[in-house]
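Visitor: I am new to this structure and would like a close look at one part of it. Please begin with the salt bridges and then go on, at an easy pace, to the places they lead to.

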Amino acid sequence: MNLQASPNKRPKHDGRLSMEFQYRGNKTVLSNCYQNPPLRASRPLYINPANRSEATVYLVETSGGIVEGDHNVFEIDIKEGADVCLIPQSATKIYPSYNDIWSSQNMDISIGPKASLSFKTEALIPFEQARFNGKTVIQMAKDSTLLWGDILSPGRVARGEVFEYTDVRTNFQVWVDDECLIYDPLLISKDNMGLKNMGMLEEHLFIGSMWFVTPTIEDFDIRELNERLQESPHSKASASMLEGKAVNVRWLASDLVDLKKEMHRIWDEFASYIV
């Protein structure tokens, strides 16, 4: 399909969601919240049977996706002792950029002492001709915990739209007491990269990433985890330990459903360390 440039008369959205969480009265509460459309947050729910004090909040994007020129900002401040689980309501859809205008999303997150954040895995789906720039920066105390998962989709696979987006750029950073522990930039430009070449994605379509940072990770058996990851018939995966402070697992897969099942299984295993 030949997509033509068109006059961009639609006003762009500058969504903003700022949330502060505090530990009060034996549970985590949402102590402050500012919402600017199209970003919204649910009220806190206490649905984790393993940690009834943990606040679970669903993140909502009411416009259904990010259109060219849109810029969304998330600011999450988790104070000392608070436990928070954030769940995107659905995959993040990036609409086409017919006029070569980038859309973007920034996430700035602070995790205080003895606090934790679990960010549930969802997919980023860039449509044909999409151009997207995402940046996530997490500042955390050395005795806090982070569990994070994300998936980069090749596009709307069910429609046969595979790697038809123009550019996707992401940058994931984790700083522990002002020391950079994780710096993970990714740029995929389909016109400049042989994605099917050896050492690239080859026959795979989806990239899954999971990060687990916690002060008790030193005793984690990374070799045993790698052996179990190799047993999956649906994906290729590998885990690595970062300076005895974090575990990263990376997946390559061709089926989103199977990838999510595998990532949820590892997610639950990591989550058991948080309680």
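Guide: The structure holds 11 salt bridges, a salt bridge being a side-chain nitrogen of Lys or Arg within 4 Å of a carboxyl oxygen of Asp or Glu. Please keep in mind that this is a predicted model, in which local features need pLDDT of at least 70 and side-chain atom pairs count only at pLDDT 80 or more, while totals for chains, interfaces and linings use all residues. Residues are numbered from 1 along each chain as its sequence is written, and side-chain values use heavy atoms, with hydrogens and water left out.

One of these salt bridges joins Arg16 to Glu75, whose closest N and O atoms are 3.0 Å apart. The pair links distant parts of the chain, since Arg16 sits in strand β1 (residues 14-24) and Glu75 in strand β5 (residues 71-78), 59 residues apart. Strands (E, at least two residues) and helices (H or I, at least four) are DSSP runs, numbered from the N terminus. Arg16 is partly exposed, with a relative accessible area of 32%, and Glu75 is partly exposed as well, at 31%; here buried means under 20% relative accessible area, exposed means over 50%, and partly exposed is in between (1.4 Å probe, protein chains only).

Another salt bridge is formed by the side chains of Glu179 and Lys245, at 3.5 Å from N to O. Glu179 lies in strand β14 (residues 179-189) and Lys245 in the loop between β16 and β17, so this pair ties together parts that are 66 residues apart in sequence. Glu179 counts as partly exposed at 37% relative accessibility, and Lys245 counts as partly exposed at 33%.

Lys245 leads us to the hairpin itself, where strand β16 (residues 235-242) and strand β17 (residues 246-253) pair in the antiparallel sense over eight bridges; two strands count as paired if DSSP finds at least two bridges between them. Within this pairing, Ser238 has Arg250 in β17 as its bridge partner. The hairpin has three residues between the strands, and Glu243 takes a positive phi near 50° there. That value deserves a pause, because most residues other than glycine have a negative phi, and most peptide bonds are trans. Glu243 counts as exposed, at 57% relative accessibility.

A positive phi also appears at Phe163, where the angle is about 55° although the residue is not a glycine. Phe163 is placed in the loop between β12 (145-152) and β13 (167-176), and, at 14% relative accessibility, Phe163 counts as buried. As for the peptide bonds, a cis bond joins Pro37 and Pro38, with omega of about 10°, and Pro38 lies in the loop between β2 (27-36) and β3 (39-41).

Returning to the salt bridges, the side chains of Glu224 and Arg228 meet at 2.6 Å, N to O. Both residues lie in helix α1 (residues 222-229), four residues apart, which is about one turn of the helix. Glu224 is partly exposed, with a relative accessible area of 31%, whereas Arg228 is buried, at 19%. Salt bridges that share partners join Glu224, Arg228 and Glu269 into one network.

From that network we can turn to helix α2 (256-274), which, like β6 (83-88), supplies at least two residues of the lining of the second largest pocket. A pocket, on a 1 Å grid over the protein atoms alone, is an open set of points where a 1.4 Å probe fits, with protein on both sides within 12 Å along at least five of seven lines, and lining residues have an atom within 4 Å of a point. The second largest pocket holds about 280 Å³ of space, a volume being the space filled by probe spheres set on the points, which are joined across faces, edges and corners. Of the 17 residues that line the second largest pocket, Asn48, Glu54, Cys85, Trp267 and Ala271 are the closest to its centre. The largest share of this lining, five residues, comes from α2.
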